[in-house]
Amino acid sequence: EKDSLVRLVAVSKTKPHSDVEEAYNAGQRVFGENYINELVEKSQTLAHLEDIKWHFIGNLQKKNCSKLSTCKNLSLVETVDSDKVARALNNGWKRNGGGSILNIFIQVNTSREDQKAGCMPENITQLAEFIRAECDVLRLKGVMTIGAYGYDWSQGVNPDFIELLKCHKTLCNHLGDETLEISMGMSDDYCKAIDMGSTNVRVGSKVFGARNVNA
């Protein structure tokens, strides 16, 4: 029963439209993209798939929020990590969202790597407060992490997952909202992530096969 509450985001970056359409026809509805130009182009080309939902799961910068907001059937942006990005996305969605509300996750830099995007864990409540107070067309729905790549599970439970669970608990308590989601887990570790409470997993190669890096 628990598994039925987990959302599968099929990561379709670099995959052709035909692959997405084939997965859609097989019953998959939620797809994730890492690159804004590719997402916007695919979303417009595949707009005839009326129940399709797109998640943006790539690094998001303030300057790209306006372009992202032109995506058709954009369901959720998983990588909001600062006040500036939240405000820019809010402004873009006001112009292009057709009066709808856009769901977002706060991306947390659980591994505290300098090269990684994401809000530091100690700053999540401040960012959540800002989104709720200043971003009237955004709805905070959860927290997300990518975490360190290539974690060796023989060393024990992934510390990034533990950290995100702590952040989730902190935010739920601070906001008085127990419905916030947890987005963690990808092709190599999504089963372990689900066992730990993830409600949203991002799976590419296990759905579409190995990525075509030349696409």
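Here is a short conversation about the buried side of a helix and some ring contacts in this predicted model.

Reader: What makes F31 and W54 a tilted pair?

Author: Their ring centres are 5.9 Å apart and the angle between the planes is 45°. Centres within 6.5 Å make a pair, and planes that are neither under 30 degrees nor over 60 degrees apart count as tilted, so this pair is tilted. It links distant parts of the chain, with F31 in strand β2 and W54 in strand β3, 23 residues apart.

Reader: Why is F31 called buried?

Author: Buried means under 20% relative accessible area, and F31 has 0%, so F31 is buried. W54 also has a value of 0% and is buried.

Reader: Why is the pair of Y151 and W153 called edge-to-face?

Author: The planes of Y151 and W153 stand at 85°, with the ring centres 5.7 Å apart. Edge-to-face needs an angle over 60 degrees, so the pair of Y151 and W153 earns that name. Y151, W153 and F161 form one aromatic cluster.

Reader: How do you know that Y151 is partly exposed?

Author: Partly exposed lies between the 20% and 50% cut-offs, and Y151 has 26% relative accessibility, so Y151 fits. W153, with 22%, is partly exposed too.

Reader: What puts the buried residues of α5 on the same side?

Author: The buried residues are I124, L127, A128, F130 and I131. They cover an arc of only 160° around the axis, so they are on the same side of α5. They pack against β4, α4, β5, β6 and α6.

Conventions:
Residues are numbered from 1 along each chain as its sequence is written. This is a predicted model: local features need pLDDT of at least 70, side-chain atom pairs count only at pLDDT 80 or more; totals for chains, interfaces and linings use all residues. Side-chain values use heavy atoms; hydrogens and water are left out. Buried means under 20% relative accessible area, exposed over 50%, partly exposed in between (1.4 Å probe, protein chains only). Helices (H or I, at least four residues) and strands (E, at least two) are DSSP runs, numbered from the N terminus. The arc is that of the directions from the helix axis to the C-beta atoms. Contact means heavy atoms within 4.5 Å. Rings of Phe, Tyr and Trp (its six-membered ring) pair if their centres lie within 6.5 Å; planes under 30 degrees apart count as stacked, over 60 as edge-to-face and the rest as tilted.
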